[in-house]
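Visitor: Could you walk me through this fold, one question at a time?

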Amino acid sequence: LEIQALLYLLLGQDDFTLRQSLEDIKRGVGDQELLATNTTALDGQQLTLDQLRAVCETLPFLAEKRLVIISGLLERFEPQGKSGRKKKKTTRVKDKQNEYKSFSAYLSEIPESTVLVLIESKVGNNNPLLKELPKKAVVKSFPPLRDARLLQWIQGHVAEKGGSISHQAEDLMVELVGGNLWTMSNEIDKLFLFA
């Protein structure tokens with residue numbers, strides 16, 4: 001498995017499938033034993049541009065690439081809804097605007113030795129950093145599974161394990177477990193152990 005890009009955006013509330021995609025990216029980066037020493041996870045809410053630059057520009061140790069995972073960077077720049085306050089904080093807005101533009105500019109300059117993954121649960125289409133993401137970014141969306149897509153996922157997950165499941169059992173699982181794929185996966189594992 002080869003990595004497709006240097007910048008990924010994994011976006012959505014289906015955390016199970018999102019994490020599987022992240023694992024695929026990790027496998028594509030290179031030797032898994034060396035990856036542990038070449039992976040950095042950062043909190044996007046607290047991250048400064050200097051910290052990002054320092055981490056991304058650090059050369060990988062005994063490997064071709066390093067992996068940098070940032071959670072919540074785009075969410076940090078989500079436009080705020082109208083509040084009841086009449087006092088406008090224009091300096092904060094300008095600071096945030098300059099800040100997201102600085103991040104955006106750096107995201108298009110990521111060194112070839114770094115694979116950067118942005119993980120976001122909820123980001124609107126009017127997010128300024130989302131709009132500014134470089135064209136070379138690979139964006140993968142993971143909305144929560146419902147209805148037919150959830151039933152398909154159950155069938156696929158059971159088939160992956162070498163089993164089959166009736167439609168009545170699928171419906172019952174959806175009714176009892178809902179759309180949480182972590183729980184659904186665990187319940188399917190339990191059924192395989194029982195059967």
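Guide: Happy to; what follows is a short tour of a predicted model, from the sheet to the helices and the cores.

Visitor: In what order do the strands of the open sheet lie?


Guide: The open sheet has 5 strands, and their pairing is parallel. The edge strands, each pairing on one side only, are β2 (39–43) and β5 (138–141). From one strand to the next the twist averages 15°. Reading across, the order is β2-β3-β4-β1-β5.

Visitor: Let's look at one edge: which residue of β3 does Thr40 stand opposite?

Guide: Strands β2 and β3 run parallel and are joined by 5 bridges. Within β3, the residue opposite Thr40 is Val68.

Visitor: Which strands does α3 lie across, and at what angle does it run to β3?

Guide: Two helices are worth a look here. Helix α1 packs on the sheet, touching β1, β3, β4 and β5, and its direction makes about 175° with that of β4. Helix α3 lies across β2, β3 and β4, and its angle to β3 is about 155°.

Visitor: Are α1 and α9 roughly parallel or roughly perpendicular to each other?

Guide: Helix α1 (residues 15–29) packs against helix α9 (residues 181–194) with the axes 7 Å apart. On the α1 side the contact is made by Asp15, Phe16, Thr17 and Arg19, and on the α9 side by Leu181, Trp182 and Ser185. These residues divide into 3 nonpolar, 2 polar and 2 charged. The angle is about 85°, and angles of 65 to 115 degrees count as roughly perpendicular, so α1 and α9 are roughly perpendicular.

Visitor: Which residues touch the most other members of the largest nonpolar core?

Guide: In soluble globular proteins, nonpolar side chains tend to be buried together. The largest nonpolar core here has 26 residues, and the elements giving two or more of them include β1, α3, β3 and α5. A second, separate core of 15 residues includes Leu10, Leu18, Leu22 and Leu35. In the largest core, the residues touching the most other members are Leu7, Leu52, Ile70, Phe103, Leu107, Leu116 and Leu118.

Visitor: Which residues does Ile70 touch, leaving out those up to four places away in sequence?

Guide: Ile70 is one of the residues that touch the most other members of the largest core. With those sequence neighbours left out, Ile70 touches Leu42, Gly44, Leu47, Leu52, Leu116, Val117, Leu118 and Ile119.

Visitor: And Ser113, is that residue buried or exposed?

Guide: Ser113 is found in the loop between α5 and β4. Beyond four places away in sequence, Ser113 touches Cys56, Leu59, Pro60, Glu64, Lys65 and Arg66. Its relative accessible area is 14%, and the cut-off for buried is under 20%, so Ser113 is buried.

How values were computed:
Residues are numbered from 1 along each chain as its sequence is written. This is a predicted model: local features need pLDDT of at least 70, side-chain atom pairs count only at pLDDT 80 or more; totals for chains, interfaces and linings use all residues. Side-chain values use heavy atoms; hydrogens and water are left out. A nonpolar core is a set of buried Ala, Val, Leu, Ile, Met, Phe, Trp, Tyr and Cys residues joined through side-chain atoms within 4.5 Å. Buried means under 20% relative accessible area, exposed over 50%, partly exposed in between (1.4 Å probe, protein chains only). Helices (H or I, at least four residues) and strands (E, at least two) are DSSP runs, numbered from the N terminus. Contact means heavy atoms within 4.5 Å. Axes are lines fitted to C-alpha atoms, for helices over the stretch in contact, and angles run from 0 to 180 degrees between N-to-C directions. Angles under 35 degrees count as roughly parallel, over 145 as roughly antiparallel, 65 to 115 as roughly perpendicular and the rest as oblique. Ala, Val, Leu, Ile, Met, Phe, Trp, Tyr, Cys and Pro count as nonpolar, Asp, Glu, Lys and Arg as charged, and the others, Gly among them, as polar. Two strands pair if DSSP finds at least two bridges between them.
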